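Student: I am new to this structure and would like a close look at a single part of it. Please put the model up first.

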Amino acid sequence: MIKWKKTTYPSTFIKLSDELAKVRSMLSADVYNENTEKYRGKQEHSISQLGIFAELIARHLMDNNNGIKYKAAPLIGERPVVEADLIMQGIGEFHYIDVKGVKSEGNALRVNFKAHNNPKKKVTHYLFIQPLNALYARFCWFTHEQVSEWTVVMSTYTECYELEIPKKN
């Protein structure tokens with residue numbers, strides 16, 4: 001079962017994520033080009049925008065919860081980074097969080113199979129964020145171990161772990 005929580009976010013995140021996605025796509029054009037297995041086709045901009053949008057909301061969540069100490073990976077850089085999006089200080093430990101955007105009309109949570117199993121990428125938790133409208137989003141958490149138990153399916157371009165979002169959830 002997915003345990004969603006609701007949050008608000010600044011509406012400026014929508015336009016900001018669109019602008020940043022254009023820059024991110026230009027900087028990583030050689031990584032996601034047609035001759036690579038990471039190719040996203042015409043969806044490149046929307047996938048990038050959703051990811052940045054989710055990361056902005058994740059930072060907003062962290063900033064609005066007093067006492068949470070965290071470090072965020074850069075939103076854009078010259079190359080995609082193989083590291084957690086957020087490193088949050090817990091009680092006596094650190095949580096390495098990969099933030100995943102879910103389309104508003106999305107019906108499943110997905111994690112790239114190769115990225116999930118990459119020993120060079122340290123991730124302890126996944127934070128899924130789904131925009132509901134121009135003011136609200138919902139989010140849920142899963143551990144790395146929980147995601148490992150999900151069904152493996154073939155997505156548009158690659159294998160991924162998938163958990164269906166129940167219709168009344």
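Student: Among contacts between residues at least 6 apart in sequence, what percentage join residues at least 24 apart? After that, please take strand E6 as the part to look at, and say where E6 (125-131) sits and what surrounds it.

Tutor: The model is predicted. Among contacts in the protein between residues at least 6 apart in sequence, 63% join residues at least 24 apart. The protein has 169 residues, and 38% of them count as buried. Its accessible surface is about 10,300 Å², and carbon and sulfur atoms account for 53% of that. There are nine strands and four helices, and along the sequence they follow the pattern β-α-α-β-β-β-β-α-β-β-α-β-β.

Start with the sheet that holds E6. Six strands make up an open sheet with mixed pairing, and their order is E1-E7-E6-E4-E3-E2. At its edges stand E1 (5-8) and E2 (70-72); each has a single partner strand, so one side of each has no neighbour in the sheet. On average, neighbouring strands in this sheet are turned by 30° against each other, direction ignored. In the strand order, E6 is placed between E7 and E4.

Take the E4 side of E6 to begin with. E4 covers residues 94-101, and it pairs with E6 in the parallel sense over five bridges. One point to locate in the view is Ile-97, whose bridge partner in E6 is His-125. E4 also has a partner in E3 (residues 86-89): four bridges join these two strands, which run antiparallel. In that pairing, Gln-89 has Phe-94 of E4 as its bridge partner.

On the E7 side, E6 and E7 run antiparallel and are joined by seven bridges. The two strands form a hairpin, with four residues between them. Here His-125 appears again, standing opposite Thr-143 of E7.

His-125 is therefore a useful place to stop: the residue lies in strand E6, and it counts as buried because its relative accessibility is 18%, under the cut-off of 20%. Its contacts, leaving aside neighbours within four places in sequence, are with His-95, Tyr-96, Ile-97, Asp-98, Trp-141, Phe-142, Thr-143 and His-144. Among these contacts are the two residues already met, Ile-97 as bridge partner and Thr-143 opposite in E7.

The rest of E6 is covered as well. Seven of its seven residues are buried. On one side these are His-125, Leu-127, Ile-129 and Pro-131, and on the other Tyr-126, Phe-128 and Gln-130, so that both faces of the strand are covered.

Next, follow the chain out of E6. The loop between E6 and E7 (136-143) contains Leu-132. This residue counts as partly exposed because its relative accessibility is 38%. Together with Leu-135 and Tyr-136, Leu-132 makes a nonpolar surface patch of about 270 Å².

Now go back to the other end of E6, where the chain comes from helix H3 (113-116). Lys-121 lies in the loop between H3 and E6, while Asp-98, which is 23 residues away, lies in strand E4. The two form a salt bridge, with the closest N and O atoms 3.2 Å apart. Both Asp-98 and Lys-121 are buried. Salt bridges with shared partners also bring in Lys-100, giving one network of Asp-98, Lys-100 and Lys-121. Asp-98 is one of the contacts of His-125 listed above.

For a contrast, look at helix H1. Side chains of opposite charge can pair when their charged atoms come close. The whole structure has six salt bridges. One of them joins Glu-19 and Lys-15, with the closest N and O atoms 3.3 Å apart. These residues both belong to H1 (residues 12-27) and are four residues apart, about one turn of the helix. Glu-19 is partly exposed, at 38% relative accessibility, and Lys-15 is exposed, at 55%. Lys-22 and Asp-18 form another salt bridge, at 3.6 Å from N to O. They too lie in H1, four residues apart, and Lys-22 is partly exposed, with a relative accessible area of 47%.

Terms used. Residues are numbered from 1 along each chain as its sequence is written. This is a predicted model: local features need pLDDT of at least 70, side-chain atom pairs count only at pLDDT 80 or more; totals for chains, interfaces and linings use all residues. Side-chain values use heavy atoms; hydrogens and water are left out. Patches are made of residues with over 30% relative accessible area and no salt bridge: like charges are joined within 9 Å, nonpolar side chains (Val, Leu, Ile, Met, Phe, Trp, Tyr) within 5 Å. Accessible areas come from the Shrake-Rupley method with a 1.4 Å probe; for residues, only the protein chains shown count as cover. A salt bridge is a side-chain nitrogen of Lys or Arg within 4 Å of a carboxyl oxygen of Asp or Glu. Buried means under 20% relative accessible area, exposed over 50%, partly exposed in between (1.4 Å probe, protein chains only). Two strands pair if DSSP finds at least two bridges between them. Contact means heavy atoms within 4.5 Å. Axes are lines fitted to C-alpha atoms, for helices over the stretch in contact, and angles run from 0 to 180 degrees between N-to-C directions.
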